[in-house]
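User: Please take a close look at the sheets of this model, with attention to how the strands are ordered and paired and to what packs on them.

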Amino acid sequence: MKLPAGLDVERLLPARVPFGLRVFFRGAFLLLGLATVALAVAVLQDEKERSYRNYQDGFRKNQAQIAAKLRHPTGQLVLLNPTAYDHEVTPLRPLVLPFSALDFDDRNKAQQAVEMAGCLVQYPDAASMCVAVGNNPFAGGFLYAVGSFNSGPLVSHSSGTLDLSLAHRARITVDMRGQRYRWIAPFQAMQAVDEGRNASPFANTRGRLVGFADDGPITPASRPVRDFRGWLWQDGRCVDGTPAAGPDCARRAFVSVRLPVELFREALFAKGPADIVWPPSDLDQIRVQVEMLAPGEGKPLFDSNAAGATAPFSWSELSPLLLPGEKLRIRKLGAGGAGKDIVALSGAEAAERASPLIAWLIRRLQVEGYDAPVTSTDIISTPLGRYELTLTGDIRTVNKALTAVATRVSWFVGGMLLAIFATWLAIELRIIHRITVLTRRAATVSKGVRASDGLAAVDLADLRGGDELGVLAGGLQDLLQRVNEDVRREQIRVAQEKDTWHAVGHEIMSPLQSLMVLHGSADDPAHRYISRMQQAVRVLYGSASPSEAFESTALNVQTLDANEFLRHVARNAAAAGIPGVAFEPLAQPVTVRADEYSLEDVVSHVLRNADRYRRPGSLIRITLSLQAQEGTAAPEALVAISNLGPRIDAGMLGKIFEYGVSDLPDTDAGAPGQRGQGLFVAKTYMAKMGGTITARNLDDGVCLELRLQCSVA
């Protein structure tokens, strides 16, 4: 700016520069820094309270999960055998089963029992073996050996042949109390499972294991051991899933043997019922070896003493369930085990770096109820006694975990404070300082101009919006305006979308109400389906998800005649696109407690699944029967819906009723019409009506069974 000639600026008084703007900015940044620290402390306080509540909830869930595992037969096996695997896995030692005895004559029952109990020791060659005793001493004092192995086609022993090495055979050795029991049991085949005049030599086979005392050569006078009972089954297919095509194909063989142990039986019969101690105290000192031999004198097909065996479920599998600092203590109740801990487990400590300053700060934060001990006790009942499960939590782990997280987050808080300081310094040097200089110069110029008589005033209006502050303000205003416009557009879009969905629900309900008026008669077949559609719209309208909608639905449970209901469903199935449904009613009425529309939804979902996978042209059969319930005089109604077609994989039988899981393992659950929702809805509705739904495989198809409570007159 050019000043008038003759004006002596140096003689002018210095202009006064105000400090208000600098004080404002400095105070604002100081408050911003304090607010950041206060916000971090408040977040820590809130997170400590939240972490404490989450820890309590997780503690209760963890205790319930551990108790559920121990109530399962696998968990009860560990309770009954607390020190079973404190030693090497082999040689095998008998375990106490959570069952009184094994139905060793039935392959399916024996296999299901040992798999459910989890007592199978696994071997690297895909073989397995479980050696156990029942938990009931009056079952006879037997040892059971149940397992499987791979073998070529079984060679049967011919009756009267003294050379047992010509056939497949089992050799079992038991060492206990200074005595050795040894049996040799050749395989004697029975007829093939798939009976027929021209049955293949590689069909499913089964046969007995005839046990002889292995104390010398077999002579014509040798007789089988009377109480030795054993079975051997072999699948007709190769282990790789292909049909058997020759003698070199390895097949799966399943062995189930009951061994008579005289020392057990002598101890049982020598004492009265009140003096019997079961299981024997020296059970873990008994050594059992099971060998499966092929014809000849070669290497055994299976040896239970082979290296690389893997122990079944043990206490170590409970340790990962424990959080850091938690302790699990289990003791047996009763006179025989009071006060004795059978196991004590602790959760692994998490090693994370933490700041001592933050740890001190978190300890100073107060949370209501934080100092109360966290302990939960539960009782596990088994056939051989009751066990007390005590889970103790360590609330200090909340502080440790929160301190570790806060230590990591503290770098961000420190970075924010550093950014605040850097921003203040930049504004102080780059903006406030320049504004101060500009103010001083403008004041000096203004005072100099006023000091000269008759000079025109200097106009500085162009400086108000031409510096960086004006550009920054204009740019920030434009940015905020665009952001606000975007937010408003998004709010309008969300509101319109919500209104659209409400309108869709309203538009669906309106024609349904009109259709209900047109088909208002209860005898009209369309009346039932329109009512079901209205109920479905009411269930899903306004819900967050289909699963939450179905689980929160309240049903109107009343009594209805299952015979008439199922006859109506079968008669109208073709109209719903499911032809070929046959119903076999009972002679008398069957009154059950159910919600009519919900029950029809259940049956419809099951029929659609059956129709999807049945063989073309085959019937879907619905049968109704009455079955007695244990502990009550009132029977229950059993509705069985079966179809011919592919079977469900055994591992999926319990999962097909979960939400999002389709009914067959090879089905794409995301395909149209196959979202895995139908059977979930069926299970949910059945539970709300006090009933159950289960699935089982038939020889040539699948059967889903619905069980309903009968109404008591």
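The answer below takes one four-stranded sheet in detail and then sets a second sheet beside it.

Analyst: This is a predicted model, in which local features need pLDDT of at least 70 and side-chain atom pairs count only at pLDDT 80 or more, while totals for chains, interfaces and linings use all residues. Residues are numbered from 1 along each chain as its sequence is written, and side-chain values use heavy atoms, with hydrogens and water left out.

The part to begin with is an open sheet of four strands, arranged in the order β14-β13-β16-β15 with antiparallel pairing. Strands here are DSSP runs of E with at least two residues, helices are runs of H or I with at least four residues, and both are numbered from the N terminus; two strands pair if DSSP finds at least two bridges between them. At the edges stand β14, residues 341–346, and β15, residues 375–382, each of which pairs on one side only. From one strand to the next the twist averages 15°, where axes are lines fitted to C-alpha atoms (for helices over the stretch in contact) and angles run from 0 to 180 degrees between N-to-C directions.

Following the order from the β14 side, β14 and β13 are joined in the antiparallel sense by five bridges, and within this pairing leucine 328 stands opposite leucine 345 in β14. The next step, from β13 to β16, is antiparallel with six bridges, and here arginine 329 faces threonine 390 of β16. The last step connects β15 with β16, residues 385–392, through eight bridges, again with the strands running antiparallel; one of the positions in this pairing is isoleucine 379, whose bridge partner in β16 is glutamate 388. Helix α2, residues 73–80, packs on this sheet and touches β13 (327–332), β14, β15 and β16, with its direction at about 90° to that of β15; contact in this sense means heavy atoms within 4.5 Å.

The second sheet is also open, but it holds five strands in the order β18-β20-β21-β23-β22, and its pairing is mixed. Its edges are β18 and β22 (692–697), and because each has a single partner strand, one side of each is left without a neighbour in the sheet. Neighbouring strands of this sheet are turned against each other by 20° on average, direction ignored. Helix α10, residues 562–572, packs on this sheet by touching β18, β20 and β21, and its direction makes about 165° with that of β18.

The mixed character can be followed strand by strand. Strand β18, residues 581–584, runs parallel to β20, residues 620–627, and four bridges join the two; in this pairing, phenylalanine 583 has isoleucine 622 of β20 as its bridge partner. On the step from β20 to β21, residues 636–644, the sense is antiparallel and seven bridges are formed, among whose residues arginine 621 is partnered by serine 642 in β21.

Taken together, the four-stranded sheet has antiparallel pairing and carries helix α2, whereas the five-stranded sheet has mixed pairing and carries helix α10.
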